[in-house]
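Subject: Structure for your review

Dear colleague,

Please find below the structure that I am handing over to you. My notes on it follow directly after.

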Amino acid sequence: MLVQNENAKLHDALVSNLKSAVTASFLMLPESFSEEDLFLQIAGLSYTGDFRMVIGEDKSKVHNIVKDNIQHFRILYSNILRDCPQVVYKPQQGKLEVDKSPEGQFIQLMALPRTLQQKITKLVDPPGKNRDVEEILLQVAQDPDCGAVVQQEPLNGLAAHQTEIPFMRWIPVEFHLSGVETPSASLLVPVLVSSDPNVAEDPIIG
């Protein structure tokens, strides 16, 4: 059993990663979608570009992860969705509507991790122009299908100081929360899995 460590820096890094996953998913989804659509998109981010999802991997794995843990996903993301000005969240109906205007998409692009922004700019900006990231993202935001550009670039794990973490995928780990009156209180958190022995001896939570 893992007990959640009440560490402010770890908590901030966790929230930042969750917000980044939500923002990237907003860009890839249509204007209106369900909670399940969002959670499927978030859970599928770690498999983007993974050849195992094409050859030899159970293609229903992401769906099964969400289906079996949808209440945990709600607990994990509900506060982020309620506080996000770019989305209208209707938890009673399990529906969401995101701002797909160029202005809204630009805000979402600017909220992505810096390394992902830079990779997006390399995809769309011709060599030699050397335009700044903000100018290129403003151009990308004008495209109604700008989410397809985001989806072209597999997302990488990032440490809190923006160092890339080579990882294969994440697995859901249930954290039993200390200091909570309800004995069964728990939180499902994705843990990055890496084959690189130099990454860390302890689990990296993301």
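Of the 206 residues in the protein, 40% are buried, where buried means under 20% relative accessible area, exposed means over 50%, and partly exposed lies in between (1.4 Å probe, protein chains only). Please note that this is a predicted model, in which local features need pLDDT of at least 70 and side-chain atom pairs count only at pLDDT 80 or more, whereas totals for chains, interfaces and linings use all residues. Residues are numbered from 1 along each chain as its sequence is written, and side-chain values use heavy atoms, with hydrogens and water left out.

Overall features

The protein contains seven helices and nine strands; these are DSSP runs numbered from the N terminus, with helices being H or I of at least four residues and strands being E of at least two. Its accessible surface amounts to about 11900 Å², and carbon and sulfur atoms hold 52% of that; the areas come from the Shrake-Rupley method with a 1.4 Å probe, and for residues only the protein chains shown count as cover. Among contacts (heavy atoms within 4.5 Å) with a separation of 6 or more, 58% are between residues 24 or more positions apart.

The three-stranded sheet

Strands β2, β4 and β3, in that order, form an open sheet with antiparallel pairing; two strands pair if DSSP finds at least two bridges between them. The edges are β2 and β3, each of which pairs on one side only. From one strand to the next, the twist averages 20 degrees.

Strand β2 (residues 32–34) is joined to β4 by three bridges, and F33 has L96 of β4 as its bridge partner. On the other side, four bridges connect β3 (residues 87–90) with β4. Here V88 has E97 as its bridge partner, and V87 stands opposite V98. The strands β3 and β4 make up a hairpin with four residues between them, and G94 in the turn has a positive phi of about 70 degrees.

Which residues of β4 lie on its covered face, and which on the uncovered one? In this strand (residues 95–98), L96 and V98 are on the covered face, while K95 and E97 are on the uncovered face. Strand β3 alternates as well: V87 and Y89 point to one face and are buried, but V88 and K90 point to the other and are not.

Helix α2 and its surroundings

Helix α2 (residues 35–44) includes Q41. Is Q41 buried or exposed? Q41 has a relative accessible area of 16% and is therefore buried. Apart from neighbours within four places in sequence, Q41 has contacts with S25, M28, L29 and Q151.

Helix α2 lies across β2, β3 and β4, and runs at about 85 degrees to β2. The axes here are lines fitted to C-alpha atoms, for helices over the stretch in contact, and angles run from 0 to 180 degrees between N-to-C directions. The axes of α2 and α3 (residues 61–83) come within 9 Å and cross at roughly 105 degrees. The two helices are therefore roughly perpendicular, given that 65 to 115 degrees counts as such, under 35 as roughly parallel, over 145 as roughly antiparallel and the rest as oblique. Residues making this contact include L38, F39 and I42 of α2, and V66, I70 and F73 of α3.

Aromatic pairs

Rings of Phe, Tyr and Trp (its six-membered ring) pair if their centres lie within 6.5 Å; planes under 30 degrees apart count as stacked, over 60 as edge-to-face and the rest as tilted. Four aromatic pairs are found by this rule. One of them is F26 with F33, whose centres are 6.2 Å apart and whose planes stand at 45 degrees, so this pair is tilted. F26 and F33 are both buried. In addition, F39, F73 and Y77 form one aromatic cluster.

Helix α1

Helix α1 (residues 8–28) contains S16. S16 is partly exposed, because its relative accessible area is 38%. The C-alpha atoms of S16 and P113 are separated by 9.2 Å, although these residues are 97 residues apart along the chain.

Yours sincerely
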